[in-house]
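Ready for a few exercises? Have a look at the model below, try each task yourself, then walk through the solution.

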Amino acid sequence: MLKAALAAALIGTAFSQLESPHVTPGKMAFDMNVECVSLLGKNLYAKPESTGADVKALERHLAEADKHVAAQPENPVVHVERAQALEALWRFHEAVQAYSKAIALNPGDPNVYVARGRGFATLRLFEQSAADFEHATAIDPQNADAWLGLGVTNYLRGNFSKAADALQKARALPLNQRAEETNLWYSLALIRQGKSTEAPIQKPGSVASKYGLGEYAAALESGTDAALPAYRAMIAKRTDWPTLEVLAAEAEVAAVDGNKKMSNERY
């Protein structure tokens, strides 16, 4: 009963956050074509074609998913399928709603909370993202993806101690299929706490390189303030704003700019 009540509360929170579909922390975009607002106040649009994606093929995939939902509306699997098709089109608000429908039908599946948590993080909604990852770890403490997601979300929020704790739990799990990515984020969290100066090892063609995290890590190695120009250049040249490394670069710049603004206002 307690799990069901908590799941219902999380579902309600998710839908309330999406009533106005373009809300981000401290920001609101009134252009209804905007998918979300970056941490630096820039409007971000659902334009996967900017990365060379075959949008027509992605739309056909979504149309198929819509048919499956119409045929089996009580099946949580088809709602997850639709959510993934929407994410491929960078329509993350709708994807989060589709995941919420899957959760309502099967609130005991931690993997759907993990998927929705990633969607919230992509939308720059870190509080909701962390809540989903935490709930997933409560359902299944052996879920490495849930601990990884919680660690990364806390990292993006600037809570590097909590990030390291969650990532350490992910590293300790024997079935962690994303160990390389986990180790990279763990190293970054230690560096940000001043507990390590050892640069994360980057291997050509590695998973970390595939995710583009190596680019972010390389900038961080030179020190946060010194790395800011690299972060800004990364944000400016990259059109793939849903990727984790662009989001991380945004978080670094936003934190520094925010601290400077607070300092100027204080004095």
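**Exercise 1: the cores**

The largest nonpolar core holds 32 residues, and those with the most contacts inside it are Tyr155, Leu156, Trp185, Leu188, Tyr216 and Tyr231. A quick note before going on: this is a predicted model, where local features need pLDDT of at least 70 and side-chain atom pairs count only at pLDDT 80 or more, while totals for chains, interfaces and linings use all residues. Residues are numbered from 1 along each chain as its sequence is written, and side-chain values use heavy atoms, with hydrogens and water left out.

Task: find which elements give two or more residues to this core.

Solution:
- Start with the term: a nonpolar core is a set of buried Ala, Val, Leu, Ile, Met, Phe, Trp, Tyr and Cys residues joined through side-chain atoms within 4.5 Å, and buried means under 20% relative accessible area (1.4 Å probe, protein chains only).
- Next, the elements: α7 (144–156), α8 (160–171), α9 (179–192), α11 (213–221), α12 (224–237) and α13 (244–266). Helices are DSSP runs of H or I with at least four residues, strands are E runs of at least two, and numbering goes from the N terminus.
- Then zoom in on Trp185: beyond residues up to four places away in sequence, Trp185 touches Leu148, Val152, Tyr155, Leu167, Leu213, Tyr216, Leu244 and Ala248. Contact here is heavy atoms within 4.5 Å.
- Finally, another core lies apart from it, with 29 residues, including Val80, Ile139, Trp147 and Leu173.

**Exercise 2: two threonines**

Task: work out what surrounds Thr153 and Thr122.

Solution:
- Thr153 sits in helix α7 and is buried, at a relative accessible area of 1%.
- Neighbours within four places aside, Thr153 is in contact with Phe126, Ser129, Ala130 and Phe133. With Ser129 there's a side-chain to side-chain polar contact of 3.1 Å; such a contact is a pair of N or O atoms within 3.5 Å, one able to donate a hydrogen and the other to accept it, and residues adjacent in sequence count only if both atoms are side-chain atoms.
- Now hop to Arg118: its C-alpha is 8.8 Å from that of Thr153, though they are 35 residues apart along the chain.
- The backbone oxygen of Arg118 in turn lies 2.9 Å from a polar side-chain atom of Thr122.
- Thr122 belongs to helix α5 (residues 110–122) and is buried too, at 10% relative accessible area. Skipping neighbours within four places, its contacts are Cys36, Phe92, Trp241 and Pro242.

Technical notes
Buried < 20%, exposed > 50% of the residue type's maximum accessible area, 1.4 Å probe, protein only.
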